[in-house]
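Work through the exercises below with the structure open. Each task is followed by a solution in steps.

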Amino acid sequence: MENVQIWTYVLVGITFSVYIGIAIWSRAGSTKEFYVAGGGVSPLANGMATAADWMSAASFISMAGLISFMGYDGAVYLMGWTGGYVLLALLLAPYLRKFGKFTVPDFIGERYYSNTARIVAVLCALLVSFTYVAGQMRGVGVVFSRFLEVDINTGVVIGMVIVLFYAVLGGMKGITYTQVAQYCILIFAFMVPAIFISIQMTGNPIPQLGMGSKGTDGVYLLEKLNGLSAQLGFAEYTQGTKSVIDVFAITAALMVGTAGLPHVIVRFFTVKRVRDARKSAGLALLFIAILYTTAPAVAVFARTNLINTVSGKEYSRLPEWFSNWEKTGLLAFEDKNGDGLVHYAADPQQNELHVDRDIMVLANPEIAALPAWVIALVAAGGLAAALSTAAGLLLVISASVSHDLIKKVFNPNITEKQELIAARISAIGAVCVAGYFGINPPGFVAAVVALAFGLGAASFFPAIVLGIFYKKMNKEGAITGMVVGTSLMLFYMLKFKFGLFDGGKIAVEGLKSQWWFGISPEGFGTIAMLVNFTVSLVVNRFTKDVPENVQAMVENIRIPSGAGEATH
Amino acid sequence: MSTEKSQTKAAEKAARYWKTNLRYLAILLSIWFVVSYGAGILFRESLDTIEIGGFPLGFWFAQQGSIYVFVILIFVYVRWMNRLDSQYGFEED
């Protein structure tokens, strides 16, 4: 174990020095560099940066474990968090790049010729980004505490200092190039253990193929896992338990939400031309797909391994990693019937084993008895994933405040230099707020991530798509649509996720039967989005026409030539 | 008169470009919908009766296949649009 500690210090030390080195090299000298990295990022670099921006601590640490307990149902995350890029590439990125401003509220404000629309958009952007960033800072703390044996809060503070350094100094420019480095680290750290384990279990070095291969005993892995699951009383692995309509709705909400998240959209303002925006969306999805097609394989390997190693075995003779992870509380064994054997079952009365989903990725290298440096690599990868996403979100927050509120609404006469100072101060403020939430996590962090996607789907996506594809969409329609869609999403979430109107959290289970159309709060973004579209179009019919110059602007953004660079 | 004429001509050209773009989007998004929501969700159960290697086919589409198709769709779009841009002389730089 000590060997692992040393390796972890060395690898984390090296990666952090790289991030700081990049920050010093890429200091931002203008607002354009601070907000959009000067607008000259290559499609390849932007693709990697987008992938790192997108894949958070949750994708890296939790997703494979989550899928391993959900089986087929895990597809909602796999398809939901990749399919959105098709929408982004085809419906949003090229046109927003042609529009060529700095932020998403910029587009909403100008396209709907209204500061009210801009402010509504700023509020949505802040709500989504703060929700998301709190979880990331917590993730940094958790990784630190598990691998370096420091306190979670100390871990959060170390993470804050590093992010502060390169986000405040380098702005988008610093963030972009650190994200490129972070992508390389996190994908390497994810793939190495996956490949090793795939070889061990199936003899096939490609996890995506190993998942569908035969194990060492000559039985197909998925078939065996189906059998094991059924024996223990779980649903068959390839079947899942959610209803078809709910799987449909959650997948759609996550896809559309992805395309509506401001920290992802803003990455496409950093490339030079419209064609680069299209290409970098494709590259981003390719880089994301490497992890997202490996994760379900890891899920299958880890679950099979876990059941085989511990289920029905004598507790005193379990391998060493079991007691190592018991100390962290991620694994727990309670000998209910006192026979000294580990009973793992779906029935909570009989089950004696508690497994935290995060362990599926974190403990995998130990379960598969991989060398110490691989375990350390996973720590560095987890930190890279959490830091890169946190930085991207912080930039959206600081740009919303300094550019959209201060420059565009409160004080248009501010000079470039003053705006840059304001941007840096907002970034510092945002880091502190994020750190506060990281140290004192509100109990609802996990629940609100679904809300972030629901909000992205219910607020931005319809407003942007209509803004581009429907010339005659007016401000009255768009603003009403955003407000109604967002409020409806919030209402549904508060009612069915928090039980706010029915006596609190304890009521949530009982309210399930009242879900509208049988759709869970996670999937409700789809309905809220449809409501937004409908309200927008209906209000649009009965209110004033769009001014000529705005219609001309829409025609202009539909054609790539003369894109120019991102300007004020 | 002649500038007016060339203006309407430019507008017509832009409209035709946009129409072709919308057709591409319709084709690509239909495929996007069919592989994910169709094969991966709505028709999953019947596809699961077919097995490819150790994979039930519907399950494979839901956890692997649709993601591969998504990547391909974007690159096809990139190719089609670059070709369309150069046909209309709308490319940048």
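**Exercise 1. The two domains of chain A**

Task: State how many Å separate the centres of domain 1 of chain A and domain 2 of chain A, and describe the side of domain 1 that touches domain 2.

Solution.
- In this predicted model, the centres of the two domains of chain A, taken over C-alpha atoms, are 33 Å apart.
- Domain 1 covers 2–312 + 364–557, and domain 2 covers 315–356.
- The contact between them involves 12 residues of domain 1 and 14 residues of domain 2.
- On the side of domain 1 that touches domain 2, helix H13 (274–310) and helix H16 (364–367) of chain A each supply at least two residues.
- H13(A) gives the most to that side, with four residues.
- By class, that side of domain 1 has six nonpolar, four polar and two charged residues.

**Exercise 2. Chain A as a whole**

Task: Describe the secondary structure, compactness and confidence of chain A.

Solution.
- Chain A has 23 helices and two strands.
- Its radius of gyration is 24 Å, close to the 24 Å that the globule rule gives for 568 residues, so chain A is as compact as a globular protein of that length.
- Along the principal axes, the C-alpha atoms of chain A fill a box of roughly 80 × 55 × 45 Å.
- Of the 568 residues of chain A, 58% count as buried.
- Among contacts in chain A between residues at least 6 apart in sequence, 81% join residues at least 24 apart.
- The average pLDDT of chain A is 88, and 97% of the residues score at least 70.
- Over residues 563–568 of chain A, pLDDT stays under 50; the model has 17 contacts beyond four places in sequence for these residues.

**Exercise 3. The largest nonpolar core**

Task: Find which residues touch the most other members of the largest nonpolar core, and which helix gives the most to this core.

Solution.
- The core has 214 residues, of which Val163(A), Leu186(A), Leu394(A) and Ile74(B) touch the most other members.
- Helix H8 (residues 152–202) of chain A gives the most to this core, with 21 residues.
- At least three residues of the core come from each of domain 1 and domain 2 of chain A.
- Take Leu394(A) as a case: not counting residues up to four places away in sequence, Leu394(A) touches Val133(A), Val163(A), Ala167(A), Ala427(A), Ala430(A), Val431(A) and Ala434(A).

**Exercise 4. Where chain B meets chain A**

Task: Work out which elements of chain B give two or more residues to the side that touches chain A.

Solution.
- In the contact between the chains, 36 residues of chain B meet 43 residues of chain A.
- The elements of chain B that give two or more residues to its side are helix H1 (2–42), strand S2 (55–56) and helix H3 (57–88).
- H3(B) provides the largest share of that side, 16 residues.
- The residues of chain B on this side divide into 24 nonpolar, eight polar and four charged.

**Exercise 5. An enclosed helix**

Task: Explain why helix H6 (residues 104–111) of chain A counts as largely enclosed by the rest of the structure.

Solution.
- The buried residues of H6(A) are Val104(A), Pro105(A), Asp106(A), Phe107(A), Ile108(A), Gly109(A) and Arg111(A).
- That is seven of the eight residues of H6(A), so the helix is largely enclosed by the rest of the structure.
- H6(A) is followed by Tyr113(A), whose phi is positive, near 35 degrees.

**Exercise 6. Two residues, buried or partly exposed**

Task: Decide whether Ile250(A) and Val531(A) are each buried or partly exposed, and list what they touch.

Solution.
- The cut-off for a buried residue is 20 or more other C-beta atoms within 10 Å.
- Ile250(A) lies in helix H11 (residues 244–259) of chain A. Because Ile250(A) has 27 C-beta neighbours inside 10 Å, it counts as buried.
- Leaving aside neighbours within four places in sequence, Ile250(A) is in contact with Val76(A), Gly80(A), Ser520(A), Glu522(A) and Gly523(A).
- Val531(A) lies in helix H22 (residues 525–541) of chain A. Val531(A) has 18 C-beta neighbours inside 10 Å and so counts as partly exposed.
- Not counting residues up to four places away in sequence, Val531(A) touches Val484(A), Gly485(A) and Leu488(A).
- Val531(A) and Thr486(A), 45 residues apart in sequence, are 9.8 Å apart in space, C-alpha to C-alpha.

Conventions
Residues numbered from 1 in each chain as written. Chains lettered and ligands numbered in written order. Predicted model: local features only at pLDDT ≥ 70, side-chain atom pairs only at ≥ 80, totals over all residues. Core = buried A, V, L, I, M, F, W, Y, C linked by C-beta atoms within 7 Å. Buried ≥ 20, exposed ≤ 12 C-beta atoms within 10 Å, placed from the backbone. Domains from an automatic or database assignment. Contact = placed C-beta atoms within 7 Å. Nonpolar A, V, L, I, M, F, W, Y, C, P; charged D, E, K, R; others polar. pLDDT = per-residue confidence, 0-100. Rg over C-alpha atoms; globule rule 2.2 N^0.38 Å.
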